[in-house]
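Here are some exercises to work through with the model open beside you. Try each task before reading its solution.

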Amino acid sequence: MKMKYKNIRSIREDNDVTQQQMAQLLNVSQNTYSQYETGKIEWTASTLIKVADYFDVSVDYLLDRTKKKKYGK
């Protein structure tokens, strides 16, 4: 099943971060990162944690499970 999470792309764009910059952070190609965002490749837990830490948000926020960016806030 294709899983596309809108908050991941939104937070990247809101912070003026390119797909290439995210790819470098995650040590993958830009094409691979693009496939993460479009849901062609499933996110791994470790990759989601890196992205959440980078943007200082919860993994639940990235996965559209909450509107709160951080726990308890």
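**Exercise 1. Surface and overall form**

What area does the protein expose, and what percentage of it do carbon and sulfur atoms supply?

*Solution.* Please keep in mind throughout that this is a predicted model.

Step 1. The protein exposes about 4,900 Å². Carbon and sulfur atoms supply 47% of that area.

Step 2. Turn from the surface to the interior: buried residues make up 34% of the 73 residues.

Step 3. Now the dimensions. Along the principal axes, the C-alpha atoms fill a box of roughly 35 × 30 × 20 Å. A compact globule with 73 residues would have a radius of gyration near 11 Å, and the protein agrees with this, at 11 Å.

Step 4. Finish with the charges. There are 13 positive and 9 negative charges, and their mean positions lie 3 Å apart.

**Exercise 2. The order of elements**

Find how many helices and strands the protein has, and how its elements run from the N terminus on.

*Solution.*

Step 1. Count the elements: there are 5 helices and 0 strands.

Step 2. Read them from the N terminus on, and the order is α-α-α-α-α.

Step 3. Ask how the chain comes together. Take the contacts between residues at least 6 apart in sequence: 47% of them join residues at least 24 apart.

**Exercise 3. The buried side of H1**

Which residues of H1 are buried, and which exposed residues does the face turned away from them carry?

*Solution.*

Step 1. The buried residues in H1 are Asn-7, Ile-8, Ile-11 and Arg-12. They lie on the same side of H1, because they cover an arc of only 130 degrees around the axis.

Step 2. Look at the face turned away from this buried side, and you meet the exposed residues Lys-6 and Asp-14.

Step 3. Ask what the buried residues of H1 touch: they pack against H2, H3, H4 and H5.

Step 4. One more residue of H1 deserves a look. Ser-10 is found in this helix and counts as partly exposed, at 30% relative accessibility. Ser-10 and Asp-64 are 54 residues apart in sequence, yet their C-alpha atoms are 11 Å apart in space.

**Exercise 4. H2 and H3 side by side**

For H2 and H3, work out which residues are buried and which helices they pack against.

*Solution.*

Step 1. Start with H2, residues 19–26, where Gln-19, Met-22, Ala-23 and Leu-26 are buried. Their arc around the axis is only 105 degrees, which puts them on the same side of H2.

Step 2. The partners of these buried residues are helix H1 (6–14), helix H3 (30–38) and helix H4 (45–55).

Step 3. Move to H3, in which Tyr-33, Tyr-36 and Glu-37 are buried. Seen down the axis, these residues fall within an arc of 95 degrees, so they line one face of H3.

Step 4. The buried residues of H3 pack against H1, H2 and H4.

Step 5. Residue Thr-47 links the two stories. Thr-47 is found in helix H4 and is buried, with a relative accessible area of 10%. Setting aside neighbours within four places in sequence, Thr-47 is in contact with Leu-26 and Tyr-36. Those partners are among the buried residues of H2 and H3, respectively.

**Exercise 5. Positive phi in the loops**

Where do Asp-16, Asn-27 and Asp-56 lie, and is each of them exposed or partly exposed?

*Solution.*

Step 1. Recall the background: most residues other than glycine have a negative phi.

Step 2. Asp-16 is in the loop between H1 and H2, and its phi is positive, near 55 degrees. With a relative accessible area of 67%, Asp-16 is exposed.

Step 3. Asn-27 comes just after H2 and takes a positive phi of about 60 degrees. Its place is the loop between H2 and H3, and at 71% relative accessibility Asn-27 counts as exposed. From Asn-27 to Thr-47 it is 20 residues in sequence and 9.9 Å in space, C-alpha to C-alpha.

Step 4. Asp-56 lies in the loop between H4 and helix H5 (59–62) and has a positive phi of about 55 degrees. At 47% relative accessibility, Asp-56 counts as partly exposed.

Step 5. For a glycine, look just after H3, where Gly-39 takes a positive phi of about 85 degrees.

Conventions
Residues are numbered from 1 along each chain as its sequence is written. This is a predicted model: local features need pLDDT of at least 70, side-chain atom pairs count only at pLDDT 80 or more; totals for chains, interfaces and linings use all residues. Side-chain values use heavy atoms; hydrogens and water are left out. Buried means under 20% relative accessible area, exposed over 50%, partly exposed in between (1.4 Å probe, protein chains only). Helices (H or I, at least four residues) and strands (E, at least two) are DSSP runs, numbered from the N terminus. The arc is that of the directions from the helix axis to the C-beta atoms. Contact means heavy atoms within 4.5 Å. The radius of gyration is taken over C-alpha atoms; the globule rule is 2.2 Å times the number of residues to the power 0.38. Accessible areas come from the Shrake-Rupley method with a 1.4 Å probe; for residues, only the protein chains shown count as cover. Lys and Arg count as positive and Asp and Glu as negative; His and the chain ends are not counted. The place of a charge is taken as NZ of Lys, CZ of Arg, CG of Asp or CD of Glu.
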